[in-house]
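Trainee: Could we go through this one together? I'd like to practise reading helix packing and domain contacts.

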Amino acid sequence: MLKIKEFAADFGWPRIIIFFFLITLFIVAPFVGVSISMSLSDTLNRFGQNAILVLALVPMVQAGCGLNFGLPVGIIAGLLGATIAMQIGLTGWFGFFGAVAICLPIAAVFGWLYGQLLNKVKGEEMTIAMYVGFSLVTFFSILWLLLPYSSPAMVWGYTGKGLRTTITLDNFWGHILNNFLAVRIGENFVFPTGMILFALFCAFLVYLFFRTKTGTAMTAVGSNPDFARAGGVSSDKMRTISVMLSTMLGAVGILVYQQSFGFIQMYQAPLFMAFPAVAALLIGGASVNKASMINVIVGTFLFQGILTMTPSVINSVLQTDMSEVIRIVLSNGMILYALTRKTKVTK
Amino acid sequence: MKKKFDFRRFIADNVVVVIFLILTAIATPISGLSANYILQDIITRIGRNSFLVFSLLLPIMAGMGLNFGMVLGAMAGEIGLIFAVDWNISGVWGLGFSVLVGLPIAIILGWAAGAVLNRAKGREMATGYILGFFMDGVYQFVVLYLMGSLIPMRSLAITLSRGYGIRNTLNLDSVRQSLDNMMMVKLFGLNFPVGTFIIVAILCLFIVWFRKTKLGQDMRAIGQDQLVSNASGIPVETTRIIAIVMSTVLAMIGQVIFLQNMGNMATYNAHRQTGFFAVAAILVGGASVTKATIPNVFVGVVLLHLMYIVMPRAGAELFGSAQIGEYFRDAFSYGAIALALVLHAWRKRRGVEIDRAGLRMNTVDPAAKGGAV
């Protein structure tokens with residue numbers, strides 16, 4: 001009994017409640033006429049869509065930079081990669097991996113600059129990251145209008161300049177990862193093998209990275225900066241690397257998200273994209289200064305599962321659309337819980 | 001040499017203000033708007049917004065940073081207005097009634113917010129920001145689902161056709177500009193809402209007086225150093241909660257004043273931008289996370305809103321697209337907040353380092369400190 005209590009306190013009651021809430025949703029679903037196979041398929045799809053964006057938060061958490069509310073910095077790099085790839089006319093696999101290849105160096109430069117800034121403001125990263133992200137997104141909204149894009153698939157039809165608010169990927173690389181080796185079982189269930197594999201592959205790379213010398217040093221900087229400094233690790237350098245890594249993963253993450261979603265969302269769309277990712281990571285059991293691959297996978301699955309299940313199930317039960325309220329309260333409540341939790345001394 | 005140094009210090013301390021001054025100075029002539037139009041708009045916006053911005057002062061004084069949780073107060077004010085419209089109480093009385101209804105809600109929400117922020121010392125701003133999002137969900141739940149079902153509503157005109165929940169936009173005709181028009185004075189062809197200005201002036205006097213009271217002094221002491229304050233017998237946690245409660249109540253009144261000027265209310269969106277505008281205004285006015293004064297509020301409201309008035313037109317004239325002007329002003333407002341936060345954090349760190357150097361050598365001129373107070 002004591003052990004269960006200890007486990008519950010360690011894992012956190014909110015997470016346990018959310019976990020049982022999701023299970024209840026899945027149990028109730030068939031009774032109110034919601035197809036389990038379709039829900040499961042949707043959940044898996046959204047899991048793959050969002051997993052890398054959630055993964056992108058891990059390096060900065062581990063290096064002690066807090067939750068990366070500045071994820072839009074990486075997202076903007078991803079948007080640049082995608083639009084440039086489309087502009088030079090890359091399609092299919094060339095298109096997707098071309099976009100990845102273009103966005104990575106951009107993200108590295110953005111991440112380096114962003115990291116330099118965060119190193120100057122240690123201790124207040126989170127609020128500043130939020131506003132750095134906001135200002136970059138709005139600044140790039142101007143550039144989307146002014147940059148010399150000309151591909152007719154992307155610009156407004158009647159003026160011939162300025163990117164559209166949503167750009168369809170149909171003739172480029174839409175669903176390319178989703179459809180790769182996809183397994184269809186029954187009428188409604190599709191397993192997006194390619195995308196899930198890609199997400200797991202990225203997670204595996206990050207996992208390996210944290211096993212290397214640099215990765216271990218980064219974790220050391222996050223857990224105890226003074227100790228790390230005494231051990232000859234440059235805290236600023238490690239933090240910069242973590243921010244660069246985070247930004248690059250964010251860029252790749254948005255590309256995977258887009259190919260599954262089928263559209264590129266421009267302008268103000270990336271403004272609030274960091275918040276659901278942060279909520280997912282925290283639901284998975286991460287804290288403000290500790291996160292692992294398990295947290296990413298469990299968290300994304302739980303969070304996206306609830307986002308998929310609540311609209312259909314709750315609507316059938318209550319005959320009203322309460323899912324929006326549940327989503328807001330749940331995701332922000334989770335972030336709030338993590339921010340106000342007294343951080344325990346590591347055992 | 002000395003003089004030049006001072007000048008550079010002044011620029012460095014007020015860099016956000018200087019940037020905004022230059023920006024608006026360039027954009028205003030380009031926009032081609034008449035001076036009369038701009039002045040009238042500025043006067044209206046001072047009356048409309050300054051009260052909301054004032055609600056940020058007390059938490060800054062108490063060392064809690066910018067109170068992004070002020071949107072909780074804005075929500076309380078909106079609930080008050082919903083009831084005033086529902087009960088059909090019009091004119092200034094309707095506003096007074098809204099404030100009376102909003103007051104207990106704002107106090108409870110403020111207390112809760114203060115307690116939450118006490119558990120998140122050192123990251124109050126991020127926590128307050130998320131708290132605003134969280135309560136937005138709760139507000140939506142109450143207004144969209146409980147009002148009309150659990151909470152009785154009398155007027156069919158404001159409820160959704162399904163029988164419960166409040167409509168997306170609430171028409172505030174019954175109280176529209178009742179405070180502004182109470183003592184409208186016409187001078188030099190401009191309309192001055194003297195009634196609103198008097199209320200803002202009373203608030204200024206209140207703040208000046210409050211700083212000198214025991215509670216106000218306690219707050220300032222806590223803003224300087226929590227440990228020392230605690231050691232000298234100031235109840236730190238309670239005083240911090242009181243600061244947030246007062247801020248929430250002021251924000252509630254501020255939102256009522258804001259909305260009576262606007263004349264209608266986007267029930268579910270009106271409070272979303274409140275925190276952003278108030279925070280941007282006070283930072284553009286030259287305040288920092290730890291220091292804000294009454295002039296900061298007015299300078300900030302004037303500069304920020306001048307930019308909001310002229311930028312779309314300037315964008316239209318320069319680039320042929322008002323949209324660019326709008327993105328431009330948003331980018332600069334977000335950028336101003338980011339810059340002010342960065343400068344503050346940077347100065348604080350430099351201050352700490354100079355302190356350390358001072359401990360070692362005891363020869364550092366205190367004036368060389370980063371300017372963080």
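What follows is a short run of questions and answers on this predicted model.

Trainee: How are H3(B) and H9(B) oriented relative to each other, roughly parallel or roughly antiparallel?

Mentor: Start with the axes: those of H3 (residues 35-54) and H9 (residues 194-212) of chain B come within 9 Å and cross at roughly 20 degrees. Angles under 35 degrees fall in one class, so H3(B) and H9(B) are roughly parallel.

Trainee: And which hand does the crossing of H3(B) and H9(B) have?

Mentor: That crossing is left-handed.
On the H3(B) side, the residues that meet H9(B) are Gly47(B), Ser50(B), Phe51(B) and Phe54(B). Their partners in H9(B) include Val200(B), Leu203(B) and Ile207(B). By class, the contact has six nonpolar, three polar and no charged residues, and its crossing, as asked, is left-handed.

Trainee: Now the domains. Which helix of chain B gives the largest share of the side of domain 1 that touches domain 2?

Mentor: Chain B splits into domain 1 (1-31 + 287-373) and domain 2 (38-284), and 23 residues of domain 1 are in contact with 24 residues of domain 2. On the domain 1 side, H2 (15-31), H14 (294-319) and H15 (322-361) of chain B each supply at least two residues. The largest share, 12 residues, comes from H14(B).

Trainee: How many charged residues are on that side of domain 1 of chain B?

Mentor: Sort the side that touches domain 2 of chain B by class: 18 residues are nonpolar and five are polar. For charged residues, the count is no residues.

How values were computed:
Residues are numbered from 1 along each chain as its sequence is written. Chains are lettered from A and ligands numbered from 1 in the order in which they are written. This is a predicted model: local features need pLDDT of at least 70, side-chain atom pairs count only at pLDDT 80 or more; totals for chains, interfaces and linings use all residues. Axes are lines fitted to C-alpha atoms, for helices over the stretch in contact, and angles run from 0 to 180 degrees between N-to-C directions. Helices (H or I, at least four residues) and strands (E, at least two) are DSSP runs, numbered from the N terminus. Angles under 35 degrees count as roughly parallel, over 145 as roughly antiparallel, 65 to 115 as roughly perpendicular and the rest as oblique. A crossing is left-handed if the near helix is turned anticlockwise from the far one by less than a right angle, and right-handed if clockwise. Two residues are in contact if their C-beta atoms, placed from the backbone, lie within 7 Å. Ala, Val, Leu, Ile, Met, Phe, Trp, Tyr, Cys and Pro count as nonpolar, Asp, Glu, Lys and Arg as charged, and the others, Gly among them, as polar. Domain bounds come from an automatic or database domain assignment.
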